[in-house]
Amino acid sequence: TDVTFVLGTRPEIIKLAPVVQACHRLEVDYSIVHTGQHYSDSLDSVFFDQLELPEPDYDLGVGSSSHGEQTGEMLIGVERALAETAPEVVLVQGDTNSVLAGALAASKMDAELGHVEAGLRSFDRSMPEETNRVIADHVSDHLFAPTEQSKKYLLDEGLSERRITVTGNTVVDALFRNREIARRKSTVLADLRIENRDFFVMTAHRQENVDDEARFRDLLAGVERAAEAHDADVIYPVHPRARDRIETFGIEVPDPIRAVEPLEYLDFLRLASTAELILTDSGGVQEEACILGTPCVTMRDNTERPETIDVGANRLSSCDPGQIVASATEMLLRGDDWENPFGDGDAAERILQSLPLETKSREVAR
Ligand code: UD1
Ligand code: UDP
């Protein structure tokens, strides 16, 4: 095929979906290799259905294990699959272990490698994601930076300007395509009985937050106090990693926080666009809050999405309860008239247009 997508987790499925759709529009032949890093329906097949993606051509079924074991198994499987699909270009997106394996495998094969969402940096090497994104960027032939800021980070590391294209983030493409559908179709507000209530949405799944019992308890205490201060319910779709930690640590989720199953994309978009406030440690959710005009508090010490802070849409609170409460109050008082820094929703087409595909030259010649 012309392009092989290597993906494996919820955010990659969501953010590569617009590029897959663009392949249809531009008549680019493609295949999909799914590492199986995420396999629960609620993190995986739900998104293939809602985003109208075809079944993956390969499902490596790697599943959960330690970083080394998981990445190693994916590396073996991806290399075998790419030997069969023999693509001109391999595309990976983001910063997960699936991206690391896809990038390493492709970089040593006879295919060019493109990294979608290149150049994000938290400058915190204790995060597994930071290691993954730095390595993926340095072995890629095509760096699709979502913003000028991410391009600058890449240049600062000595990567050649010729490899970099500023495209916007494909999260905007996905959101623009689905926001209106979510408004029409999603019944999530009625289902959760919050139609006329003030409510917050929270997500928390980051390894450094939920695997550390004291930090996770602090985070929940902070959200509880913020909710009580503003008389709001909090809807918390619980990622399986966090669910597992809640059970292991014997944590009781405090009352104003309603723990629910992970939501489908349209339901999540509907909630996120209606909420008074979002509290999160997710990367994609910081971007979506900013694009949707919903104020955001990021319960981390740093962010690789500084654009959201610069435009005034987001604030870092760490996991300290007092700081979470103060940040929530500050963000609720702030207006929501910031500019979306992540592009115009045409990132996917820009990415495909800048690839050296024979198909594309055929298109142009016609
Ligand atoms: C991974 C990414 C993270 C990303 C997140 C998106 C890495 C290092 N981390 O974290 O950057 O933000 O995906 O959601 O790649 N589990 C299930 N079902 C699943 C998948 C996982 O129950 O389908 C549970 C298992 O208990 C597993 C745990 O979640 O041990 C963690 O899964 P893993 O894929 O290792 O990391 P995530 O926390 O999902
Ligand atoms: N999301 C979803 N349902 C949920 C929570 C999140 O569909 O219950 C979507 C959300 O819209 C965003 C993506 O999942 O696009 C973010 O994924 P996640 O937080 O797992 O990963 P990260 O972006 O932090 O890598």
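The following legends describe close-up views of a predicted model.

**Figure 1. The open sheet of six strands.** The strands of this open sheet follow the order β10-β9-β8-β11-β12-β13, and their pairing is parallel. Strands β10 (257–260) and β13 (314–316) stand at the edges; each has a single partner strand, so one side of each is left without a neighbour in the sheet. From one strand to the next, the twist averages 20 degrees.

**Figure 2. The pairing of strands β8 and β9.** This view shows β8 (residues 199–203) beside β9 (residues 233–237). The two strands pair in the parallel sense, and three bridges join them. At one position, Phe200 has Val234 of β9 as its bridge partner.

**Figure 3. Helix α13 across the sheet.** Helix α13, formed by residues 283–292, lies across four strands: β8, β11 (277–280), β12 (296–298) and β13. With respect to β11, the helix runs at about 165 degrees. Two of the strands beneath this legend's heading, β11 and β12, follow β8 in the strand order of the sheet, and β13 stands at its edge.

**Figure 4. The covered helix α12.** Helix α12 spans residues 265–274 and is mostly covered, with seven of its 10 residues buried. Which residues of α12 are buried? They are Tyr265, Leu266, Asp267, Phe268, Leu269, Leu271 and Ala272.

**Figure 5. The largest cavity.** A search of the whole structure finds one cavity of 30 Å³ or more. The space in the largest cavity amounts to about 40 Å³. Its lining is formed by Gln93, Val116, Glu117, Phe144, Pro146, Thr167, Gly168, Asn169, Thr170 and Ile351. Sorted by class, the lining of this cavity comprises four nonpolar, five polar and one charged residues.

**Figure 6. The second largest pocket.** This pocket has a volume of about 180 Å³. Its lining consists of 14 residues, and those nearest the centre of the pocket are Gln50, Leu51, Glu52, Asn178 and Ile181. Three helices, α1 (10–25), α2 (45–50) and α7 (170–185), are the elements that give two or more residues to the lining. Which element gives the most to the lining of the second largest pocket? Helix α7 does, with five residues. By class, seven residues of the lining are nonpolar, three are polar and four are charged.

Key. Residues numbered from 1 in each chain as written. Chains lettered and ligands numbered in written order. Predicted model: local features only at pLDDT ≥ 70, side-chain atom pairs only at ≥ 80, totals over all residues. Heavy atoms only, no water. Buried < 20%, exposed > 50% of the residue type's maximum accessible area, 1.4 Å probe, protein only. Pairing = 2+ DSSP bridges. Axes fitted to C-alpha atoms, helices over the stretch in contact; angles between N-to-C directions. Contact = heavy atoms within 4.5 Å. 1 Å grid on protein atoms, 1.4 Å probe; cavity = no way out; pocket = protein on both sides within 12 Å on 5 of 7 lines; lining within 4 Å. Points joined across faces, edges and corners; volume = space filled by probe spheres on them. Nonpolar A, V, L, I, M, F, W, Y, C, P; charged D, E, K, R; others polar.
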